[in-house]
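Trainee: Got a minute to go through the cavities, the pockets and the ligand in this one?
Mentor: Yes, put it up.

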Amino acid sequence: MNAPVNVFAAATKAEQSLASTHEVVNVARELRDYNLFTQDAVLQQAVQREAAGWAQDELTAFGALTGQAEYRELGIVANHVKPELETHDRFGNRIDQVNFHPAYHQLMKVAFEHGLHSSPWTNPGPGAQVARAARFYMQAQVEAGHGCPVSMSHAAVPALRATPEVAKIWEPKITACAYDQRNVPDRDKQALVVGMAMTEKQGGSDVRSNSTQAFPVGAEGEGQLYELVGHKFFVSAPMSDVFLTLAHTSGGLSCFLMPRWRPDGTKNPLQIIRLKRKMGNASNATSETELRGALGWMVGPEGKGIRTIIDMVAMTRFDCMIGSSAGQRIATTLAIHHCTHRAAFGKQLVDQPLMQNVLADLALESEASLTLAMRIGRAIDHRADRAEELLMRFGTAAGKYWICKRTPNHAYEAMECLGGSGVMEDSPFPRLFRESPVNAIWEGSSNVQCLDVLRAFGKQPEGLQVYFAEVMKAKGGNARLDRWIADLRQEFADLGDLESRSRGLVDRMALALQAALLVQHAPAFVADAFCASRLDGLGERNLGALPRGVDCAAIIKRAAVDA
Ligand SMILES: Cc1cc2nc3c(=O)[nH]c(=O)nc-3n(C[C@H](O)[C@H](O)[C@H](O)COP(=O)(O)OP(=O)(O)OC[C@H]3O[C@@H](n4cnc5c(N)ncnc54)[C@H](O)[C@@H]3O)c2cc1C
């Protein structure tokens, strides 16, 4: 006869095995607190080199703030809970109110209180743009979307200064280091946010096709008040207190400063029709608007609207370079971090030779992007010098095109380093990936940037000499680069079909500039790897195909925050 089964003991065993199916091992962990400045050798060196060493202490403090895991969480939440439009209040009054998650406001508050929108204007001098760019770079690694209104507020100042009497009234509140999110008249606020409304349905790149009309209220011309009638198809940060916009007068396309509220405290009829449903850049609302007699002051000369607003656009293009460099940096950081903590086939991923190749290539791209962006930052700081002015003109167009264009593939490749978990919505990568094409498309899409490079050289042919003088500073430092520059010169011997060739040309010019900067300033293991992989004439290849002889481990170590 069988022994009686002890059902209670069996149940206990089952319960035990249900309670513990497996041990969780070999998984990465959340990147905890770190310092985005002191743990970024490339950034620190760029800041020193480009004359912003005086900002070291302030950047160290900002790096600690932006590196806090709790602070970075704001970026996640601000994108998770999307902005919502309320056109009217519950009583039926038109309010054009966009509600954001408090995390968005918190990010805006930090950015504005730290002068990311104003410090080069309120404290100009050597390194002013570079120091501000360094802070923007760190903040953009936390969250990219709110960078749009920060950037527009910063960029508006040079355009506003075209008409000193308008700038005198508005600039103090625009540059104030404070943030006031309330939907109230600007007269009741001490700090204002600026937006930009150029794009219309029938044309974004070609704003000459704008159909919005401006009618004088009294006297006509610069500094005078007009009523604007028309529409704008993309208006980001629609809760901004003022917008720079374009409209036609009898004298041609002109620039206007258009506030949300009229001076008498009533709402300016700049009406939000709906919010765009964007694939990325989710924290930042982008709207479609109609202008139904919205008041605006003319900024800059009548009929010279594009020339006036282009000063703003140039600065936002620079921020696109910084913003995309920041996207590359955080993607690289996260990929290296993951591979440091995850093993496969008997080794940590970061020690597997092929993964080392991928990670090192991601890091090279990221270093080259920031190095180029910061060099252009210095050119902006020194634009009183004619050569620096010309370099800035070329560099913002070419750099905006090149860095932003390289970012989506970089984001994707970094995502793949995390394997399947990288694709999951609770990983940081879907947000980084969705954000990655945006900078390339707005503020002048890729083709427009390449054509702008041609335009710059067409208008100021000495700019080409300035460009070659800049890259020749690295002469003799790397044989591949020397050959590349010599070949590039030959390209300009034949000026046929320039427009259709311009992407290829600008690609090569941007690469030469990045390589020249790295050869002069980066460790040899970085510069040589960059030249060997980008200037070898083998054509396009995927990331992770660095040639033999590259010291991948050294490149990864330089980029890692916790390796
Ligand atoms: C998320 C987001 C937010 C935005 N926020 C704002 C905002 O706040 N304010 C604002 O004013 N705009 C904003 N924009 C609009 C943006 O600036 C435009 O989408 C952009 O300038 C391109 O204009 P478009 O969409 O009309 O495209 P188009 O001008 O029709 O261009 C389409 C394509 O044609 C190419 N192209 C154009 N001209 C030429 C040419 N001569 N030769 C070859 N190729 C050419 C372009 O490079 C582009 O690839 C935003 C866009 C996005 C995506």
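Mentor: What follows covers the ligand site and then the empty spaces, and the model is a predicted one.

Trainee: Ligand first, then. Where does the ligand sit?
Mentor: The ligand sits in the largest pocket. About 1700 Å³ of space lies in that pocket.

Trainee: Which residues come nearest to the ligand?
Mentor: There are 19 residues around the ligand, and the nearest are Met 196, Met 198, Thr 199, Ser 205 and Ser 236. By class, this shell has nine nonpolar, eight polar and two charged residues.

Trainee: And which elements supply at least two residues of that shell?
Mentor: Two strands and a helix do: β3 (194-197), β5 (225-236) and α15 (446-459).

Trainee: What about polar atoms, say at Met 198?
Mentor: A backbone N or O atom of Met 198 is 2.8 Å from an oxygen atom of the ligand. Phe 234 also uses its backbone, with a polar atom there 3.0 Å from a nitrogen atom of the ligand. Ser 236 uses its side chain, where a polar atom lies 2.7 Å from a ligand nitrogen atom.

Trainee: How much of the ligand does the protein bury?
Mentor: The protein buries 65% of the 980 Å² that the ligand exposes when taken alone.

Trainee: Back to the pocket itself. What lines the largest pocket?
Mentor: Its lining has 49 residues, and Met 198, Val 313, Arg 317, Glu 443 and Gly 444 lie nearest the centre. Met 198 is also among the residues that come nearest to the ligand. The lining divides into 24 nonpolar, 11 polar and 14 charged residues.

Trainee: Which element gives the largest share of that lining?
Mentor: Helix α10 does, with nine residues. Others that supply at least two include β3, β5 and α15, and those three also supply at least two residues each of the ligand shell.

Trainee: Next, the second largest pocket. How much space lies in it?
Mentor: About 1300 Å³. It is lined by 45 residues, with the run Asp 426, Ser 427, Pro 428, Phe 429 and Pro 430 nearest its centre. The elements giving two or more residues to this lining are α4 (69-80), α7, α10, α11, α12 and α13. By class, the lining has 19 nonpolar, 11 polar and 15 charged residues.

Trainee: Now closed spaces. How many cavities of 30 Å³ or more are there?
Mentor: A search of the whole structure finds five. The largest has a volume of about 420 Å³. Of the 31 residues lining it, Ala 144, Gly 323, Ser 324, Glu 435 and Asn 439 are closest to its centre.

Trainee: Which element gives the most there?
Mentor: α10 (305-341), with nine residues. Among the other elements that give two or more are α7 (128-142) and α12 (386-417). The lining has 13 nonpolar, 13 polar and five charged residues.

Trainee: And the second largest cavity, what volume?
Mentor: About 80 Å³. Its lining includes Asp 40, Tyr 137, Arg 329, Glu 367 and Arg 558. The elements giving two or more residues are α10, α11 (353-381) and α20 (552-559), and α11 gives the most, with four. In that lining, six residues are nonpolar, two polar and four charged.

Trainee: So which helix should I keep in view across these spaces?
Mentor: Start with α10, which gives the most to the lining of the largest cavity and the largest share of the lining of the largest pocket.

Key: Residues numbered from 1 in each chain as written. Predicted model: local features only at pLDDT ≥ 70, side-chain atom pairs only at ≥ 80, totals over all residues. Heavy atoms only, no water. 1 Å grid on protein atoms, 1.4 Å probe; cavity = no way out; pocket = protein on both sides within 12 Å on 5 of 7 lines; lining within 4 Å. Points joined across faces, edges and corners; volume = space filled by probe spheres on them. Nonpolar A, V, L, I, M, F, W, Y, C, P; charged D, E, K, R; others polar. Near = heavy atom within 4 Å. Polar contact = N/O pair within 3.5 Å; in protein donor to acceptor, adjacent residues only side chain to side chain. Areas by Shrake-Rupley, 256 points an atom, 1.4 Å probe, with all protein chains shown as cover. Sits in = over half its atoms within 2 Å of the grid points.
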